[in-house]
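Visitor: I'm new to this one and would like to understand the words people use for it. Could you show me around?

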Amino acid sequence: MKVLQVASEFAPYSKTGGLGDVTAALSAELARQGAEVTVLVPRYAGSLPDGAAGARRFAVRGLDSPMEVIELTTPGGPRIWLLDQPRLYLRSGIYGERGEGYADNPYRFGAMCHAAAQMALEFGFDIVQAHDWQAALTLEYLAELPQAVRPATVLTLHNLAFQGRCSPDWIAPLRLRPERFGVEGYEFWGDVNPLKGAIGIADAITTVSPGYAREILTPAFGEGLDGLLRGVSARVTGILNGIGGEWDPATDPLIAARYEAGATEGKAVCRAELLREAGLDDAGLRPVVGMVSRLTRQKGIDLALRPLERLLERDTIRLIALGSGDADLEAGLAELAARFPARASYQTGYAEGLAHRIEAGADLFLMPSRYEPCGLNQLYSMRYGTLPIVRAVGGLADTVTDFAEPAGTGFVFEEASEAGVASALDRGIAAFAQQGSWQKAMDRAMRRPADWQAPAAAYLNLYSNLTTR
Ligand code: ADP
Ligand code: GLC
């Protein structure tokens with residue numbers, strides 16, 4: 001089975017969120033299970049991976065000008081094709097700078113899709129899997145080919161809110177077929193919508209949790225595409241993400257001490273070190289609440305600011321937050337850290353090491369998302385024995401069991417409101433005081449199976465159903 005994965009992120013070389021983790025871990029596990037996997041991803045600024053200097057390069061026809069591919073291979077792992085076009089990709093951001101997306105993003109990712117479609121044909125791939133809107137036009141270009149030579153296509157939705165909508169002025173530069181600019185095609189309220197076009201023509205559509213696969217068929221979560229998705233719902237499935245190997249407290253080199261279920265002494269070391277690193281007072285018997293997040297409306301951080309403020313006033317928690325995004329949310333967290341310098345800390349920017357140390361050193365992890373296609377941080381939290389506080393939505397509801405249940409691994413609340421977040425935080429704080437039952441929940445959370453073996457097998461099964469049609 002020859003599989004081409006097309007994506008805009010691939011960890012550790014490029015990552016702004018969970019997408020990069022997923023493309024890397026999924027393709028590694030697919031390769032381990034015997035698929036011949038290639039990943040096509042742009043080569044952005046920043047250091048080139050080991051082995052890139054002497055790597056094979058080959059040319060691929062671009063939309064207007066030629067592009068190059070740097071080919072990296074690892075024994076037993078996926079082959080990586082870094083699409084090298086400095087004018088398009090060697091910039092200081094992946095999608096934009098200072099909160100502004102690059103104006104030519106349709107072209108930057110359209111060029112990647114155009115290259116992907118050519119190579120899919122040229123190299124005889126059986127399956128092309130396109131991740132999110134950035135890879136969606138691959139399906140548009142492939143649809144121009146006769147059925148007999150075309151690979152089967154999978155469109156994976158990691159976040160339906162981002163659709164790549166842009167002006168019809170892009171139709172010509174992207175060399176899209178004008179006749180597809182209509183209700184049946186990629187037209188959406190007068191704009192070009194790459195994701196919409198791909199949903200209409202993908203052989204299979206996957207989302208990253210079964211819960212989100214159901215939710216996107218409803219107006220509340222469908223982002224304007226629920227009607228279209230209901231029409232193709234027979235082709236929509238949810239396959240839950242797993243955890244990649246670099247998120248394991250037993251081996252994690254980025255945390256202060258290693259630990260695992262049944263031997264958690266190291267977690268106390270990680271907790272003390274995290275408080276020290278963040279410059280906070282000793283937590284004593286108070287829980288340390290961690291947050292690592294893109295700061296956007298999706299994540300519900302706005303609903304958490306006032307409840308956290310009240311808890312900090314009462315001196316019942318320590319708070320350690322990491323994240324960047326919307327200016328008002330950054331300001332809200334910075335204000336908490338400034339008002340309570342010994343109780344709360346906030347770091348902006350992107351910091352992989354600190355993200356690991358928060359997962360390891362915190363007691364509770366707060367993730368009050370309005371919607372969450374899957375969510376990886378709650379999975380990482382459970383693996384690190386840090387009980388997540390999550391809203392009952394999408395992948396969060398699929399993965400976290402409430403503390404009140406015998407199999408509890410975290411705290412689940414329903415209502416997207418300050419009151420909802422506050423009462424879940426209160427429950428978490430109260431539960432932390434009962435160390436006997438807390439330790440048991442921690443143990444269950446840490447032992448919860450969440451690797452990529454089963455999800456990768458589910459993708460392989462889907463691929464084989466598509467190729468034996
Ligand atoms: P999403 O993809 O919607 O952002 P996920 O929970 O699936 O949410 O994945 C988020 C990933 O991004 C996690 O690996 C998390 O650790 C990482 N992350 C988010 N913000 C930061 C940050 N500021 N610094 C380091 N890692 C971050
Ligand atoms: C998106 C979603 C997140 C998911 C990630 C990886 O960024 O917001 O819920 O975990 O993709 O699939």
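Visitor: Why is ligand 1 said to lie between domain 1 (2–242 + 453–467) and domain 2 (265–447)?

Guide: Both domains give residues to the shell around ligand 1, so it sits between them. The domain bounds come from an automatic or database domain assignment. Before we go on: this is a predicted model, where local features need pLDDT of at least 70 and side-chain atom pairs count only at pLDDT 80 or more, while totals for chains, interfaces and linings use all residues. Residues are numbered from 1 along each chain as its sequence is written, chains are lettered from A and ligands numbered from 1 in the order in which they are written, and side-chain values use heavy atoms, with hydrogens and water left out.

Visitor: Which residues come nearest to ligand 1?

Guide: Gly18, Arg294, Lys299, Gly349 and Leu376, out of 22 residues around it. A residue counts as near if one of its heavy atoms lies within 4 Å of the molecule.

Visitor: What makes the meeting of glycine 349 and ligand 1 a polar contact?

Guide: A polar contact is a pair of N or O atoms within 3.5 Å. A backbone N or O atom of glycine 349 is 2.8 Å from a nitrogen atom of ligand 1, so the pair qualifies. Leucine 376 joins in too, with a polar backbone atom 2.8 Å from an oxygen atom of the ligand. On its own, ligand 1 exposes 570 Å², and the protein buries 93% of that; such areas come from the Shrake-Rupley method with a 1.4 Å probe.

Visitor: Which strand gives the most to the shell around ligand 1?

Guide: S14, with three residues. A strand here is a DSSP run of E with at least two residues, a helix a run of H or I with at least four, and both are numbered from the N terminus.

Visitor: How many residues around ligand 2 are charged?

Guide: Two, next to six nonpolar and six polar ones. Asp, Glu, Lys and Arg count as charged; Ala, Val, Leu, Ile, Met, Phe, Trp, Tyr, Cys and Pro as nonpolar; and the others, Gly among them, as polar. Helix H1 (residues 18–32) gives the most to this shell, with three residues.

Visitor: What makes glutamate 372 a polar partner of ligand 2?

Guide: One of its polar side-chain atoms lies 2.5 Å from an oxygen atom of ligand 2, which fits the cut-off for a polar contact. Histidine 158 fits as well, since an N or O atom in its side chain is 2.7 Å from an oxygen atom of the ligand.

Visitor: Now the sheets. What is the strand order in the open sheet of six?

Guide: S16-S15-S14-S17-S18-S19, with parallel pairing.

Visitor: Why are strand S16 (344–347) and strand S19 (411–413) put at the edges?

Guide: Each has a single partner strand, so one side of each is left without a neighbour in the sheet.

Visitor: How do you know that strand S18 (residues 387–391) and S19 pair?

Guide: Two strands pair if DSSP finds at least two bridges between them. S18 and S19 share three bridges, so they pass. In that stretch, arginine 391 stands opposite phenylalanine 413 in S19.

Visitor: What is the order in the open sheet of nine strands?

Guide: S3-S4-S5-S2-S1-S8-S9-S12-S13, with mixed pairing. Strand S3 (56–60) and strand S13 (236–238) are its edges. Five bridges join S3 to strand S4 (residues 67–72), and the two run antiparallel. There, arginine 56 stands opposite glutamate 71 in S4.

Methods:
Polar contact = N/O pair within 3.5 Å; in protein donor to acceptor, adjacent residues only side chain to side chain.
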